[in-house]
Structures are given as C-alpha cells and as structure tokens.
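Please open the model in your viewer and keep the sequence panel beside it, since each stop on this tour asks you to select something and then look around it.

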Amino acid sequence: MIQKIIDGICTKLHDTFGYEIYTEDVEQGLNEPCFSISCINPTNTQFLGQRYFRSHQFCIYYFPSSAEPDAECLGVLGRLYDALEYIEVEGDLVRGTNMRGEMPDDVLCFFVNYDMFVVKQVEKVAMEHLNHDGTAKE
C-alpha cells in the first residue's frame with residue numbers, strides 16, 4: 001500500500017511541477033530542482049474485526065536550484081499544499097492531512113499524512129460435510 005501512495009504522490013508532483021522525483025536514497029548527483037519522497041513512521045492499528053487503521057506519514061524533500069533558495073522553497077511550499085491535498089490511490093481519492101513545512105539548510109521538508117482504513121481478507125474454509133440426525137418436533 002505504501003508504494004501505491006508514493007506512486008500517487010509522484011504523479012501529482014510530476015503533473016504540478018515536472019521536476020525529477022527520487023524515491024530511493026541518492027548520495028550524489030541530484031538534478032536540481034528535484035523532489036525526494038520518504039515514508040516515515042507508518043502505523044497499523046486494529047480497529048474492529050478485520051478492519052485496520054493505517055497512518056502513513058511522508059516527508060517530501062524539495063532541493064531548490066536558484067541562488068535564492070528560501071524564496072524558491074516558500075513558493076513551492078504554497079503549491080504543495082494545494083497539489084497534495086488529494087492524491088489518487090488505486091482509483092480512489094485519498095486526502096492529505098497534517099501538512100506542514102520546514103526549511104533546514106536551504107532544503108524544504110514537507111510533511112503530509114495519508115491515513116486510511118483497510119480490510120484484511122481472510123480465507124474461510126468451508127465445511128466438507130454436515131450430517132444431521134434427527135427430526136423436527138411436532
């Protein structure tokens with residue numbers, strides 16, 4: 001499920017900005033401006049029966065290319081709030097919550113949660129035979 005959410009984020013970022021997007025760690029050679037996506041602190045809590053509440057917090061890093069990185073990051077931050085409010089995951093819209101941004105060391109760190117309920121499908125084994133010995137009471 002996490003990879004499908006990342007795919008939805010990538011689609012929205014590409015449609016909105018058109019910049020390169022990294023989903024794996026890159027030690028050298030980033031083509032700035034670009035984004036990098038990381039899932040941090042995913043949780044899975046059983047709710048009722050086979051229903052589970054999954055919380056997925058993501059950090060989306062934006063690496064600016066201009067000589068004025070603070071101004072560029074603030075511009076991107078404003079656009080991210082609108083772009084990532086809803087993403088598509090398996091044909092359904094999922095709403096982003098708890099959005100916030102930080103700018104340590106001239107890099108934008110944008111945090112967003114995509115939370116959802118999931119139902120685990122349990123394979124049920126049918127009985128083979130049922131023998132009933134008895135009659136109905138009159």
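Select N113 and display its surroundings, bearing in mind that this is a predicted model. Is N113 buried or exposed? With a relative accessible area of 9%, N113 counts as buried, because the cut-off for that word is under 20%. The residue belongs to strand β6, which covers residues 108-119. If you leave out residues up to four places away in sequence, N113 touches S55, H56 and Q57, and also R95, G96, T97 and N98. One of these, T97, is also the bridge partner of N113 in the pairing with β6.

Now move to V112, which is found in strand β6 as well. V112 is buried too, and its relative accessible area is 0%. Setting aside neighbours within four places in sequence, you will find V112 in contact with H56, Q57, F58 and I60, and likewise with G96, T97, N98 and M99. To see how the fold brings together parts of the sequence, draw a distance between the C-alpha atoms of V112 and R95, which are 17 residues apart along the chain and separated by 9.6 Å.

Next, colour the strands that lead up to this region. Strand β5 (residues 92-102) and β6 run antiparallel and are joined by 5 bridges. Their hairpin has 5 residues between the strands, and there you can select D105, which takes a positive phi near 55 degrees. On its other pairing, β5 is joined by 4 bridges to strand β4 (residues 86-89), and these two strands also run antiparallel. Within this pair, I87 stands opposite V94 in β5. The hairpin of β4 and β5 has 2 residues between the strands, and E90 takes a positive phi near 55 degrees.

Then turn to the strands that come earlier in the numbering. How many bridges join β2 to strand β3? There are 11 bridges between β2 and β3 (residues 51-63), and the two strands run antiparallel. Select C39 together with F58, its bridge partner in β3, to see one such pairing. The hairpin that β2 and β3 form has 4 residues between them, and G49 in the turn has a positive phi of about 60 degrees. Strand β1 (residues 20-22) runs parallel to strand β2 (residues 34-46), to which 3 bridges join it. In this pairing, Y22 stands opposite S36 in β2.

Finally, zoom out until the whole protein chain is in view. Its secondary structure comes to 2 helices and 6 strands, and along the sequence these follow the pattern α-β-β-β-α-β-β-β. The chain is more spread out than a compact globule, because its radius of gyration is 23 Å, well over the 14 Å that the globule rule gives for 138 residues. Rotate the model and compare this with the box that the C-alpha atoms fill, which is roughly 90 × 25 × 25 Å along the principal axes.

Of the 138 residues, 33% count as buried, and the accessible surface comes to about 9,400 Å², of which 47% belongs to carbon and sulfur atoms. Among the contacts with a separation of 6 or more, 58% are accounted for by residues 24 or more positions apart. As a last selection, colour the charged side chains: 10 are positive and 23 are negative, and the centres of the two sets lie 13 Å apart.

Key:
Residues are numbered from 1 along each chain as its sequence is written. This is a predicted model: local features need pLDDT of at least 70, side-chain atom pairs count only at pLDDT 80 or more; totals for chains, interfaces and linings use all residues. Side-chain values use heavy atoms; hydrogens and water are left out. Buried means under 20% relative accessible area, exposed over 50%, partly exposed in between (1.4 Å probe, protein chains only). Contact means heavy atoms within 4.5 Å. The radius of gyration is taken over C-alpha atoms; the globule rule is 2.2 Å times the number of residues to the power 0.38. Accessible areas come from the Shrake-Rupley method with a 1.4 Å probe; for residues, only the protein chains shown count as cover. Lys and Arg count as positive and Asp and Glu as negative; His and the chain ends are not counted. The place of a charge is taken as NZ of Lys, CZ of Arg, CG of Asp or CD of Glu. Two strands pair if DSSP finds at least two bridges between them.
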